[in-house]
Amino acid sequence: MTALAARFDSNASLWNATLPLLGGTMLVILALFWRDSAQIFDIWWNISTYSHCLLLPPIIVWLVWQRKTELAALTPAAWWPGLLWGAAGAAIWLGGAMLDINFARHLALLIL
């Protein structure tokens with residue numbers, strides 16, 4: 001077995017452990033903020049100005065699929081500044097909820 005093949009095998013096991021955690025975290029955030037998630041989806045679905053946003057998930061999936069070999073070679077690792085982004089998103093959401101500003105809550109949910 002070559003060194004590159006061994007690296008792919010070790011990265012595959014790390015990705016198999018990491019991706020479900022990331023997906024689960026995303027689902028928990030969407031479930032906790034389900035009202036804002038539903039409002040965002042309603043805006044994207046019913047207002048033609050924002051309907052292009054519905055194309056983003058399939059485009060992201062296509063881009064990941066297109067680069068899956070290169071992405072598989074990467075080693076997933078924790079990135080502590082991500083916690084700052086999460087804290088900023090939570091603070092923006094809280095401010096938007098206190099001031100009843102939908103845009104702030106929706107932006108915060110996208111940041112989270």
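Read from the N terminus onward, the chain follows the pattern α-α-α-α-α-α. The model is a predicted one, and its secondary structure amounts to six helices and zero strands. The points below cover the overall dimensions of the chain, its surface and charges, and the surroundings of two charged residues, Arg105 and Asp36.

**Overall dimensions and contacts**

- The radius of gyration of the chain is 18 Å, whereas a compact globule of 112 residues would have a value near 13 Å.
- The C-alpha trace spans about 60 × 30 × 20 Å along its principal axes.
- Of the contacts between residues at least 6 apart in sequence, 60% join residues at least 24 apart.

**Burial, surface and charge**

- Buried residues make up 14% of the 112 residues of the chain.
- The chain exposes about 8700 Å², and 75% of this area is supplied by carbon and sulfur atoms.
- There are 5 positive and 5 negative side chains in the chain, and the centres of these two sets lie 6 Å apart.

**Arg105 in helix α6**

- Arg105 belongs to helix α6, which covers residues 102-111.
- Arg105 counts as buried because its relative accessibility is 11%, which falls under the 20% cut-off.
- Leaving out residues up to four places away in sequence, Arg105 touches Asp36, Gln39, Trp93, Gly96, Ala97 and Asp100.
- With one of these residues, Asp36, the side chain of Arg105 makes a side-chain polar contact of 2.9 Å.

**Asp36 in helix α2**

- Asp36 is located in helix α2, which covers residues 34-46.
- The relative accessible area of Asp36 is 3%, so Asp36 is likewise buried under the 20% cut-off.
- Beyond its neighbours within four places in sequence, Asp36 is in contact with Trp93, Arg105, His106 and Leu109.
- The side chain of Asp36 takes part in a polar contact with the side chain of Trp93 at 2.6 Å, and in another with the side chain of Arg105 at 2.9 Å.

**How the two sites connect**

- The polar contact between Asp36 and Arg105 joins a residue of helix α2 to a residue of helix α6.
- Trp93 appears among the contacts of Arg105 and also among those of Asp36; with Asp36, Trp93 shares a side-chain polar contact.
- Both partners of the 2.9 Å contact are buried, Arg105 at 11% relative accessibility and Asp36 at 3%.

Notes
Residues are numbered from 1 along each chain as its sequence is written. This is a predicted model: local features need pLDDT of at least 70, side-chain atom pairs count only at pLDDT 80 or more; totals for chains, interfaces and linings use all residues. Side-chain values use heavy atoms; hydrogens and water are left out. Helices (H or I, at least four residues) and strands (E, at least two) are DSSP runs, numbered from the N terminus. The radius of gyration is taken over C-alpha atoms; the globule rule is 2.2 Å times the number of residues to the power 0.38. Buried means under 20% relative accessible area, exposed over 50%, partly exposed in between (1.4 Å probe, protein chains only). Contact means heavy atoms within 4.5 Å. Accessible areas come from the Shrake-Rupley method with a 1.4 Å probe; for residues, only the protein chains shown count as cover. Lys and Arg count as positive and Asp and Glu as negative; His and the chain ends are not counted. The place of a charge is taken as NZ of Lys, CZ of Arg, CG of Asp or CD of Glu. A polar contact is a pair of N or O atoms within 3.5 Å; within protein, one must be able to donate a hydrogen and the other to accept it, and residues adjacent in sequence count only if both atoms are side-chain atoms.
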